Amino acid sequence: MKNYPLWKSLIVFLVIFSGIIFSIPSILYQEDTENWFLENKINLGLDLQGGSYLLLEVQSDVLFKEELENISDSIRLISRNFQINLTDINIQDDQISFRFMNSLKLEDIRKEFMKNYNNVNIVINNNILKVIINDNFKKSIRESALKQSLEIVRKRIDESGTKEPLIQRSGKNRILLQLPGVKDPERIKELLGKTAKLTFHMVDDEDQTSLHSNKAPFGKLIVSDFYDSTTKYLVEKKSRVGGENLIDAKGSFDPQQGHAVSFRFDTTGAQKFGKATSENVGKRFAVILDGVVITAPVINSAITGGSGIITGNFTSQEAADLAVLLRAGALPAPLEIIEERSVGASLGSDSIDAGKIASIIGMIFVCIFMILIYGIFGLLASISLIINLFIIIALLGIIGATLTLPGIAGIVLTIGIAVDANVLIFERIKEEFSKKTKTLSAIKNGFDKAMSTILDANITTLIASLLLFVFGSGPIKGFSITLSLGIFASMFSAIMFTNFLVYLWFSFSKKKEINL
């Protein structure tokens, strides 16, 4: 075609060829595969392929109790530094009362304590110092816990291999979780049900009196064994190193102990771990997970490499799941499942079939309308519309988008508005013919003059679609994604592909005039 640039023709062929090829995985293949090409397919959302729906609640009350314990330890330490005897501690609801032998240095204790706790209320009455947790303090703890829990839940779900989950905040302290394709969420529930707080503590085997009386002295804790609750350990309350310093964990196999979890610390954790093991050779080092000891081996030599192994009576799956939990990090507070639903795949299948039928019927009616109104130009626009659909499917597959029922509605809507650009172009060409302009010039002017109107109309729609994506969630985002991709595809098909078809038809038909 002498009247159509070669570089434009190459772009048109490349885009159309790529659109058809990359739409094949989504159209023909539904099974999971390791093939890199077949993996470029559309993922179906919860409403289309079924799955599980979970509503989780962050147990903030546990955090408040822990914070009260931290406040208690802090006041104890400060009073010891000021050499004031603390006679009694009373914890009630959201406040702690400390009774001292006298009131001589209570103001000094208050000032020292307030350096680290600015958002609590402190009341001094004679020799009693009372610390009260106010609503602002609770709100900050709750917000921090929810944000941290969201991130850790997302990491755990991603590590489990679930494709395209929906994880978002719901209300003040809840997390909404939708898992497409997960029919049995028991393993997911187990992963989310564990706080996975990992700490390493030195074991005190010398103080058997406190252990037998089941009363831990200050600075110590009595912790049960994971496999035998009757077995107790007296450990240091302060951990030597924690799970926050882990940078990797994975399931492994120990020839003597069986399935295990190997781990590796960051630089800070490696230094702490190396110091703890070098200073306590011959003593036991307890590994505590969620408040219970899973193993307490004897330190035979200093471990300075920053890595180690956790052994226990693990199965292969338990070791792999523990590695997932450790890599994702510890939850700040336990999560409680307050609602659980399963969505059947039959509803999704019906929705897909209905969407296909609606798309086909809509496309047929649009094509008939265009052919009746614009004749051969309408036929060319219909071909462009079909290619437009292939491009949309290919783009959704390439980016791995999740298609939901509103997403199908977005595709159907795109089919309806995809011909708008063609209508504008054809009407512009009509105007040029009415001015007795030559055929090729009329076609060129029609496309050029319609360009600004097409861009204005599509850009405003695209802005609205992007706002839906930014401020929407779940199905709303699915609708905005399909609509946005449909806008780009329709602009290409109208501005370049329809233009190409018109010049191609005009060149092969060898007609000097065309009827619109």
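Trainee: In this predicted model, is the crossing of helix 13 and helix 14 left-handed or right-handed?
Mentor: Take the pair in the predicted model first. Helix 13 spans residues 420-434 and helix 14 spans residues 439-471. Their crossing is right-handed.

Trainee: At what angle do the axes of helix 13 and helix 14 cross?
Mentor: Two packed helices are described by the angle between their axes and the distance between the axes. Here the axes come within 8 Å. They cross at roughly 135°.

Trainee: Why is helix 13 called oblique to helix 14?
Mentor: The axes cross at roughly 135°. Angles over 145 degrees count as roughly antiparallel, and 65 to 115 as roughly perpendicular. The crossing falls in neither range, so helix 13 is oblique to helix 14.

Trainee: How many nonpolar residues does the contact of helix 13 with helix 14 have?
Mentor: Helix 13 contributes A421, L424, I425, R428, I429, E432 and F433. Among their partners in helix 14 are A442, I443, F447, K449 and I454. By class, the contact has 4 polar and 3 charged residues, and the nonpolar ones number 10.

Trainee: Which strands are the edges of the open sheet with the order 3-4-6-5?
Mentor: This sheet has 4 strands, with antiparallel pairing. Neighbouring strands are turned by 15° against each other on average, direction ignored. An edge strand pairs on one side only, and here the edges are strand 3 (86-92) and strand 5 (120-125).

Trainee: Which residue of strand 4 is the bridge partner of I91?
Mentor: Strand 3 and strand 4 run antiparallel, joined by 6 bridges. Q92 stands opposite Q95 in this pairing. The bridge partner of I91 is I96.

Trainee: Which residue takes a positive phi in the hairpin of strand 3 and strand 4?
Mentor: Most residues other than glycine have a negative phi. The hairpin has 2 residues between its strands. The one with phi near 50° is D93.

Trainee: Which residue in strand 6 stands opposite Q95?
Mentor: Strand 4 (residues 95-100) and strand 6 (residues 128-133) run antiparallel. They are joined by 5 bridges. On the strand 3 side, Q95 stands opposite Q92; in strand 6 the residue opposite is I132.

Trainee: At what angle does helix 4 run to strand 5?
Mentor: Compare the two helices that lie on these strands. Helix 3 (residues 60-81) lies across strand 3, strand 4 and strand 6, at about 20° to strand 4. Helix 4 (residues 106-114) lies across strand 4, strand 5 and strand 6, and runs to strand 5 at about 175°.

Trainee: Is Q83 buried or exposed?
Mentor: Q83 is in the loop between helix 3 and strand 3. Its phi is positive, near 60°. Exposed means over 50% relative accessible area. Q83 has 73% relative accessibility, so it counts as exposed.

Trainee: What is the relative accessible area of N126?
Mentor: N126 sits in the loop between strand 5 and strand 6. Its phi is also positive for a residue other than glycine, near 60°. N126 is exposed, with a relative accessible area of 61%.

Trainee: Where along the chain is S239 placed, and how far is its C-alpha atom from that of H201?
Mentor: S239 is in the loop between strand 11 (232-236) and strand 12 (241-242). Beyond its sequence neighbours, S239 touches T199, F200 and H201. H201 is 38 residues away along the chain, and the C-alpha separation is 4.9 Å.

Trainee: Is S239 buried, partly exposed or exposed?
Mentor: Buried means under 20% relative accessible area, and exposed means over 50%. S239 has 28% relative accessibility. It therefore counts as partly exposed.

Trainee: Which strands are the edges of the sheet with the order 12-9-15-16?
Mentor: This is an open sheet of 4 strands with antiparallel pairing. Each edge strand pairs on one side only. The edges are strand 12 and strand 16 (292-295).

Trainee: Which residue in strand 16 stands opposite L289?
Mentor: Strand 15 (residues 285-289) pairs with strand 16 in the antiparallel sense. The pairing covers 3 bridges. Opposite L289 stands V292.

Conventions: Residues numbered from 1 in each chain as written. Predicted model: local features only at pLDDT ≥ 70, side-chain atom pairs only at ≥ 80, totals over all residues. Heavy atoms only, no water. Axes fitted to C-alpha atoms, helices over the stretch in contact; angles between N-to-C directions. Left-handed = near helix turned anticlockwise from the far one by under 90°. Contact = heavy atoms within 4.5 Å. Nonpolar A, V, L, I, M, F, W, Y, C, P; charged D, E, K, R; others polar. Pairing = 2+ DSSP bridges. Buried < 20%, exposed > 50% of the residue type's maximum accessible area, 1.4 Å probe, protein only. Lists of a residue's contacts leave out its neighbours within four places in sequence.
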